[in-house]
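Reader: Could you walk me through the pockets in this model?
Author: Sure, have a look first.

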Amino acid sequence: METVYLLILCVYGTVWGSFLTVVGLRVPLNQPITVSRSACPNCHRILSAKELIPVFSFLHQKGKCRNCRQQISLIYPIIELVSAAAFCLIYVSSNNQLFQIINPGLLLTFGIIFSVSDLSYQILPDRIMRWFATTVFAAHLFNDMQDFLFYSASGITFFLLFYLFYRIFPDCIGGGDVKCYAVLGFLLGYQTCVLALLLACLLVFAVYLPLLLAKKITSQRVIPFAPFIFTGAFMAYFIGPAFYEWLNLLLYIT
Ligand SMILES: [Zn+2]
């Protein structure tokens, strides 16, 4: 029965990932999310229902538009599969408790929207940032405002630190990254958020350092940080408690 649940979750996960991709592509352009049907970005032909089935349509069409044969970006099926895997991970780790689903669910949802927007247009739209901050606030309300002051102070601290960094090194990060870490601090608390930041930096180095050394990119290249910020935050949410327990043990032994 558990396998059936997971399969159903995988299907929901791919559909959710596909929908969030549309949000991330349309909101920065001020286009409606639900009214108009998706079209091929090259020949502008409206896609049929069959072409909208996540992952399957990409495989069936061998990654090309059926009309103009333009290559479809691999990023779409990757996001849909990541969303499916994250759905299963969130469910398995939740122990069927709703409040355990909220925080990682928010990280997944806004992570995909911001990542798509950042990869496509190099912006983290303010409108989505307001939705993110509002839903995090609502999540704290749902959680009986437990430790609300702690989470608020974490968010403010991260905002101030990142704002200072942004003012000193305006070419290194964007204003959207400052707001993003402020909301993440408010959602996760400072300890988990510090780990999230560390993991995001490690991921950026792991991906871009080999490319830089191989001269595939130059140091002037603008890096879309959102995918790394949210992957780091998602990982930190799950491994944070075990990591700090291990760190405490290590400090205690030494
Ligand atoms: Zn086309």
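Reader: Which helices each supply at least two residues of the lining of the second largest pocket?
Author: This is a predicted model, where local features need pLDDT of at least 70, side-chain atom pairs count only at pLDDT 80 or more, and totals for chains, interfaces and linings use all residues. Residues are numbered from 1 along each chain as its sequence is written, and side-chain values use heavy atoms, with hydrogens and water left out. Helices here are DSSP runs of H or I, at least four residues, numbered from the N terminus. The ones you're after are H6 (148–168), H7 (175–188), H8 (190–213) and H9 (226–253).

Reader: And which helix gives the most to the lining of the second largest pocket?
Author: A pocket is an open set of points on a 1 Å grid over the protein atoms alone, where a 1.4 Å probe fits, with protein on both sides within 12 Å along at least five of seven lines; lining residues have an atom within 4 Å of a point. For this one, eight residues come from the top contributor, H8.

Reader: Which residues are the closest to the centre of the second largest pocket?
Author: Its lining runs to 34 residues. Closest to the centre are Cys-172, Ile-173, Asp-177, Ile-223 and Phe-225.

Reader: What about the largest pocket: which helix gives the most to its lining?
Author: Helices H1 (2–26), H2 (56–60) and H3 (75–94) are the elements giving two or more residues to that lining. With seven residues, the top giver is H1.
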